[in-house]
Amino acid sequence: MSLLKSLKWRDSAILLNGAPATVAAVLRSGDVVTVDVSDSNVLSEHITPVDIPLDILYEDEDLLILNKSAGIAVHSAALTEETTTVAGAVAHHLGGAPFHPVNRLDRGVTGIMVVAKSGYIHHRCMAILHTDDFRREYRGICLGVPSPAAGTIDLPIARDPESVLKRRIDPGGLPACTAYETLRTAGGLSLLRLRPFTGRTHQLRLHCAAVGHPLAGDWLYGAEDPSLIARPALHSCELWLRHPLSGELLHLTAPLPEDMRVLVKDRTTICI
């Protein structure tokens, strides 16, 4: 719907038999409707292109799929006002094109992030988000050992009225569902497989904390402990994506970062 709204206000974006038309036009048999779904190529004033390396897992004319590193925000916000962002790096890589992130990762979270190269592809991707055609898995390392070892956390999430950043479990919040499985334990920590079925802000971090097992290093929902890990121990490691145009099923992985592997005493790639 947001794509349609943007087209309504763009000159000659919708043509009926070669002439500009509105969405209220009545069609007849034989009419030809042409829609220009390309971007306006106007970069947001809040994005500063910056030349920093991108770890690119996949790229074609429609999609850019990255392995995001820790410590970099996806885009500037009122609280940060920073210029070094994923948005800025992508803008530089794409020559100043508008930024269309399909899924976002918190500053301290690493792993797979999908960026659409146009508003149209973004619209198509958002239509399949949180379905089997856009499935994501994460690895998280939590404090303690969950019991049962596997299950589903189905707890609604809302903004915390006392914080501009924090969320909370709230019966009046939006539905949020996460599947988890304990893969291994070591030294009072557990490596979890996490699959979100919804996409609420801080969902995986908050859900783990809500069942008594906050992620290691999560200063917002657990306890900050730089001696353990300097960020929330959460990594977006696997993606199954049905390409929005070709229909090809893409399967991409990103290995677990070293700071998380150390926590579970395993130097092998345990992401896959």
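Where is the place of His202? Keep that in mind while you look through these close-ups of a predicted model.

**Figure 1. His202 sits in the loop between strand S13 (189–196) and helix H4.**
So that's where to find His202: just look between strand S13 and H4. Its backbone has a quirk, since phi of His202 is near 60°, a positive value in a residue other than glycine. For background, most residues other than glycine have a negative phi. Is His202 buried or exposed? With a relative accessibility of 9%, His202 counts as buried, because the cut-off for buried is under 20%. Leaving aside residues up to four places away in sequence, His202 touches Asp106, Leu165, Leu220 and Tyr221.

**Figure 2. The largest pocket has a volume of about 1200 Å³.**
Lining this pocket are 40 residues, and the closest to its centre are Leu105, Asp106, Arg107, Thr201 and His202. You've met two of those names already: His202 and Asp106 touch each other. Which elements each supply at least two residues of the lining? They are helix H3 (119–128), strand S8 (134–143) and helix H4 (203–210). H4 gives the largest share, with 3 residues. As for the chemistry of the lining, there are 19 nonpolar, 12 polar and 9 charged residues.

**Figure 3. Helix H3 is followed by His130, a residue with positive phi.**
Start on the helix itself: the buried residues of H3 are Gly119, Ile121, Cys125 and Ile128. A handy bit of background is that an α-helix has 3.6 residues a turn, so residues three or four places apart point the same way. Now step past the helix to His130, in the loop between H3 and S8. Phi of His130 is about 65°, a positive value although this residue is not a glycine. Is His130 buried or partly exposed? The answer is partly exposed, because its relative accessibility is 26%, and that class lies between the 20% and 50% cut-offs.

**Figure 4. The largest cavity has a volume of about 60 Å³.**
How many cavities of 30 Å³ or more are there? The count comes to 2. His130 turns up again here, lining the largest cavity together with Thr131, Phe134, Arg135, Arg136, Arg195, Pro196 and Phe197. Strands S8 and S13 are the elements that give two or more residues to this lining. The largest share, 3 residues, comes from S8. Sort the lining residues by type and you get 3 nonpolar, 2 polar and 3 charged.

**Figure 5. The second largest cavity has a volume of about 40 Å³.**
Which residues line this one? Look for Pro146, Ile153, Tyr180, Leu192, Cys208 and Val211. The split by type is easy to remember: 6 nonpolar, no polar and no charged.

**Figure 6. Cys142 and Cys208 do not form a disulfide.**
Cys208, from the lining of the second largest cavity, has the closest cysteine sulfur to that of Cys142. Why is there no bond between them? The two sulfurs are 6.1 Å apart, which is too far for a bond, because a disulfide needs sulfur atoms within 2.5 Å. A search of the whole structure finds 0 disulfides. Cys142 is also buried, because its relative accessible area is 0%.

**Figure 7. The peptide bond from Ser147 to Pro148 is cis.**
Zoom in on the bond between these two residues, and you'll find omega near 5°. In general, most peptide bonds are trans. Where is Pro148? Its place is in the loop between S8 and strand S9 (150–154).

**Figure 8. Zooming back out, the protein has 5 helices and 15 strands.**
After all those close-ups, here's the wider picture. The protein has 272 residues, and 45% of them count as buried. What about contacts between residues at least 6 apart in sequence? Among those, 61% join residues at least 24 apart. On the outside, the protein exposes about 13800 Å², and carbon and sulfur atoms supply 53% of that area.

Note on methods
Residues are numbered from 1 along each chain as its sequence is written. This is a predicted model: local features need pLDDT of at least 70, side-chain atom pairs count only at pLDDT 80 or more; totals for chains, interfaces and linings use all residues. Side-chain values use heavy atoms; hydrogens and water are left out. On a 1 Å grid over the protein atoms alone, a cavity is a set of points where a 1.4 Å probe fits but cannot get out, and a pocket is an open set with protein on both sides within 12 Å along at least five of seven lines; lining residues have an atom within 4 Å of a point. Grid points are joined across faces, edges and corners, and a volume is the space filled by probe spheres set on the points. Helices (H or I, at least four residues) and strands (E, at least two) are DSSP runs, numbered from the N terminus. Ala, Val, Leu, Ile, Met, Phe, Trp, Tyr, Cys and Pro count as nonpolar, Asp, Glu, Lys and Arg as charged, and the others, Gly among them, as polar. Buried means under 20% relative accessible area, exposed over 50%, partly exposed in between (1.4 Å probe, protein chains only). Contact means heavy atoms within 4.5 Å. Accessible areas come from the Shrake-Rupley method with a 1.4 Å probe; for residues, only the protein chains shown count as cover.
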